Amino acid sequence: MKRKLEVSELIFKIISYVFLTIFAICCLYPFLYAISAAISGREAVEYGQIVLLPKDIQFEAFAEMFNNNKFWNSYTNTLFLTFYGTLWAMGVAILGGYALSKKRLLFRKGFNFFLVFTMWFSAGIVPQYLNYLDTQEIFYKLGITDDKWLVVIAMGMAAMNIILLRNAFEGVPSEIEEAAVVDGATELQVLTRVYIPMSKSTIATVALFFAISRWNGYFWARQMITNLSEHPLQVFIRLKLEEMQDPDIMTGWDEAYAADSVIFALIVCSIIPVLIIYPFIQKYFAKGVNMGGVKE
Amino acid sequence: MKIKADDYLVYDESTGKYREDAEQKVRDDVEKHYWLNVGRTVLKDWRLYLMIIPMFLVFLFWRYFPMYELLGCFKVDDDTLEVADQLYAGFTYFQTLFSGEGSLSVEFWAAFRNTFLLSFYGLCFGFPMPIIIALFFNEIRSNIARSIYQVITYLPKFMSTVVMTSLVTMLVRQSSPIAGMEMGVISRFLVEFGFISEEVGNAGLLNAPEFFRAIYQISGIWETAGYDSIIFFSAIIAISLTSYEAAQIDGAGKIAQMRYVVLPSILSTIVIMLITRIGSLLNVGYEKVLLLYNPNTYVTADVVSTFAQRYGIMGQNAGIATSAEMLNNIVGMLLVICANTIARKASDVSLY
């Protein structure tokens, strides 16, 4: 049934479009500006002539970034942290979530509380820091001198994600498990052949949560990774920003591009991978948010 | 478990004597062998319990052991003392913080106030935005157009805090006359439209304490409003078309439909989200503050976590820092528990 729009509806529709368009432009503008400023000539950037479109296009700021070994090094470190961090966290979370989803688990309530309590009360950053220092010492004694492993193993576990997995596993019908057990499947086979395939999308979502938080991790990586060449990308960006804010560097700057362009080029480089995979992962995130309504 | 003698001994009317209750004997047996049975079950099902061990250890080592470090707030920071004497400084750190005298205490209370205010303003301005955006998304009937809007507005959420704060820093940067640099582009807009004076723009917006909260909130809305609208939007599209049609037949215009159809349907979602927000009022993302603030803006920007970071990690005053965090976390936990209890009472949904 096609119905003529009433006046109030029409007005509301127009307001929606206008508002959303403005908001979308606001969301996008900083990124567009960053790209423009990264590829504009020095004078245009320094005298603030760029509003949206680039001027006197140059790619030297990008070239300087691409020729910078430290930049690639930090990129590799971030990939390392993201890959192993997600792998480790997912391994722990899937095993834990699976065990917690079983009604026959003794002290199930206790384990759940053990998990949920960390969402209510966290010790805070100074106690955590002291704890990580102790851990670091132990790791050194064990011969693990690469601080990246400390970041991978000790940090980034989130109780919320384990609960999401637990809820997904609880949703798998127990008859299927029973059938598998009758067929002689061991516990591990039940997990890998029945539970994991049946909750693929939740697992993908949780893995993405972990991966994004690893990719974006900054504070603890900066605090705990002592060796400068082991720093991930986020720390590299921040250090570069701090370096470029130094008045001495700015006055002594004699490149063909502005000092600001370097920062913008760096920002653009760091978000490109995210932008590339973003359209594919976006729907999982929407799903993840809706799973957030947690039940006990 | 019944333990009273009356339960244990049963009066037998036929013989007129008390005799032992057979069931109670079984119960006693079960109790006696409780841990044995636990051990047997665990052994039989050892694979399952092996699976939970990594999770248990990770949380024990890196979530619960730090809580033990919280005892540092009672400790004297002096290694020459005996362990027993190191514990306890008693409440001296808390007294320092509470006294209201001395720069430490003043700074702590400013930080505590800022923590609360940043969250509270977030609640006032940041919370309604996703709801409004979700309502507007619902008006766009074309799927393609809506997807485009959604993809764009979710985008900032995927940027890291460092990228976001770097962008903010660059967009409102100070001018630098020696290096011949103009102020950031957003500052220029604001000066142009007369929102701020030229001097403020030249000095850098991030150096002006009175603008920090606005920058924090606006960048927060930019970052999360689109993404946070997902949950409200899915609540709205779950409303069946018949509800709208019924309202239309009753002669409801758009506003009336909003008031009587849409709002009641998403009210429970709103309440839950609101309560969650209230529960985390003292839980400000310290990373963002840490990356945006500087000594000029400590007055309005410093939060308890950054206060702790400055004194406990950068400085050598772990006792004070830990005490500050302890206070903040305990109040925060009380808020969460209250919020959760209210949520449970108000609706059938519990947060945790």
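This is a short chat about reading helix packing and chain contact in a predicted model.

Biologist: Let's start with the two chains. How many residues does each one bring to the contact?

Modeller: Chain A brings 83 residues and chain B brings 77. On the chain B side, the largest share comes from helix H4 (residues 46–69) of chain B, with 14 residues.

Biologist: And what classes of residue make up that side of chain B?

Modeller: You get 50 nonpolar, 18 polar and nine charged residues there.

Biologist: Now inside chain A. At what angle do helices H6 and H7 of chain A pack?

Modeller: Think of each helix as an axis, then look at angle and distance. H6 (residues 125–141) of chain A and H7 (residues 147–154) of chain A pack at about 125 degrees, and their axes are 10 Å apart. Angles from 65 to 115 degrees would be roughly perpendicular and those over 145 roughly antiparallel, so H6(A) is oblique to H7(A). Their crossing is right-handed.

Biologist: Which residues of H6(A) and H7(A) meet?

Modeller: Tyr132(A), Thr135(A), Gln136(A) and Phe139(A) of H6(A) meet Asp147(A), Trp149(A), Leu150(A) and Ala154(A) of H7(A). By class, that's five nonpolar, two polar and one charged.

Biologist: What about H4(A) and H11(A): is their crossing left-handed or right-handed?

Modeller: Right-handed. Helix H4 (residues 69–100) of chain A packs with helix H11 (residues 200–216) of chain A at about 145 degrees, with axes 9 Å apart. The residues that meet include Leu81(A), Gly85(A) and Met90(A) from H4(A), and Phe210(A), Arg214(A) and Trp215(A) from H11(A). This contact has nine nonpolar, four polar and one charged residues.

Technical notes
Residues are numbered from 1 along each chain as its sequence is written. Chains are lettered from A and ligands numbered from 1 in the order in which they are written. This is a predicted model: local features need pLDDT of at least 70, side-chain atom pairs count only at pLDDT 80 or more; totals for chains, interfaces and linings use all residues. Two residues are in contact if their C-beta atoms, placed from the backbone, lie within 7 Å. Helices (H or I, at least four residues) and strands (E, at least two) are DSSP runs, numbered from the N terminus. Ala, Val, Leu, Ile, Met, Phe, Trp, Tyr, Cys and Pro count as nonpolar, Asp, Glu, Lys and Arg as charged, and the others, Gly among them, as polar. Axes are lines fitted to C-alpha atoms, for helices over the stretch in contact, and angles run from 0 to 180 degrees between N-to-C directions. A crossing is left-handed if the near helix is turned anticlockwise from the far one by less than a right angle, and right-handed if clockwise. Angles under 35 degrees count as roughly parallel, over 145 as roughly antiparallel, 65 to 115 as roughly perpendicular and the rest as oblique.
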